[in-house]
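Me: I am new to this structure and should be grateful for a close look at a single part of the model. Please describe that part step by step, with the terms explained as they arise.

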Amino acid sequence: WRGREGAPYSTLVPSDEVTINYRHGLPVITLVLPTRNERCQFTVKPVVTTVGAFLQDVQREDKGIEKAEVFATDGTKVSDATLMEVLLMNDFKLVINNKAYNVSPPVKDQLSSEHATEMEDIKSMVHRLFVALHLEDHQIRKERELLQKLDHLKGELLPLEQMKARITDSADAKTSRLLWVGLALMSTQGGALAWLTWWVYSWDIMEPVTYFITYGSAMAFYAYFVLTRQDYIYPQAKDRQFLHYFYRKSKKQRFNVERYNKLKDDLAEAEESLRRLRQPLRLRLPIQEINDKD
């Protein structure tokens, strides 16, 4: 087996020269120091210790070690930034002063359930400590990102909000005029029927006329229901007419309603994320659970 530069290593030492055992859920690497020719044990924390840190500990223990490297079984050098947890998943070669050691870590499935449980507890503890130590920095960085996103969204929404306000005022004015026109027509109709009843004709003549007018109005309301699938309720009819004027005016002035709604949704989502971020006790709760509690 050759190194990454193609030069053969002077000695290929059997795997029993470097052994790995698990104690209290942590791997203990035992190897022979070349200068003192004595066995030395190194306990590593696989979820936080890197390959580079482990090799530095070995070199500090024996000052006679000039070079220490780790290679995969196919001859690829393992990066110093690789976590020991990843390295211990497969066989590897430990090279110390051009002397190669075959290392075969124990398979995780062969570990006792007690050791496996201890390992999971340690991983969970390390993760909680990491979160506790870095949560404040993460929150500050995330808050800065959200504030920048909010400023960007508000900048895009400002011209759309101004255009929407003008369109809304125009549509509301037209809707109000339509309501007053309806009132005027009903008043005119009532006055005309009264004039025809008392001054021109008698009630005997006008009674069938008023009947058919009432019947025609009922047909008109039913036709409204057939077309809109809604009862003719005045507030709903007013809102429907307002939306009709609003969308027609938006199309004429090229106001993108879909883009405006998308920006409003993004703004509301960013504001909700910022609110949750500033409330640490609710930071990890799902949005649905928060809404249920509210």
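Reply: The account below is centred on strand β3 and its surroundings.

The model is predicted, so local features are described where pLDDT is at least 70 and side-chain atom pairs count only at pLDDT 80 or more, while totals for chains, interfaces and linings use all residues. Residues are numbered from 1 along each chain as its sequence is written, and side-chain values use heavy atoms, with hydrogens and water left out.

Confidence comes first. The chain has a mean pLDDT (the predictor's confidence in each residue, from 0 to 100) of 77, and 79% of its residues reach 70 or more. The pLDDT falls below 50 over residues 1-15, a stretch that has 35 contacts beyond near neighbours in sequence; a contact means heavy atoms within 4.5 Å. Residues 281-294 also have a pLDDT below 50, with 18 such contacts in the model. Where pLDDT is low, the predicted coordinates should not be read in detail.

Strand β3 comprises residues 26-33; strands (E, at least two residues) and helices (H or I, at least four) are DSSP runs, numbered from the N terminus. Eight of its eight residues are buried, so β3 is largely enclosed by the rest of the structure. Buried here means under 20% relative accessible area, exposed means over 50%, and partly exposed lies in between, with a 1.4 Å probe and protein chains only.

β3 belongs to an open, antiparallel sheet of three strands in the order β2-β3-β4. The edge strands are β2 and β4, each of which pairs on one side only, and the twist from one strand to the next averages 30°. Two strands are said to pair if DSSP finds at least two bridges between them.

On one side, β3 pairs with β2 (residues 19-23) over five antiparallel bridges. Within this pairing, Asn21 stands opposite Val28 of β3. The hairpin of β2 and β3 has two residues between the strands, and His24 there takes a positive phi near 55°.

On the other side, six bridges join β3 to the antiparallel strand β4 (residues 38-43). Val28 has Thr43 as its bridge partner in β4, and Ile29 has Phe42. Four residues separate the strands in the hairpin of β3 and β4, where Asn37 takes a positive phi near 55°.

Helix α1 completes the picture. α1 lies across β3 and β4 and runs at about 145° to β4; such angles, from 0 to 180 degrees, are taken between the N-to-C directions of axes fitted to C-alpha atoms, for helices over the stretch in contact. In α1 (residues 51-61), the buried residues are Val51, Gly52, Phe54, Leu55 and Val58. These cover an arc of only 160° around the axis, which puts them on the same side of α1; the arc is that of the directions from the helix axis to the C-beta atoms. An α-helix has 3.6 residues a turn, so residues three or four places apart point the same way. The buried residues of α1 pack against β3 and β4, and also against β5 (68-72), α2 (84-87) and β6 (92-96).
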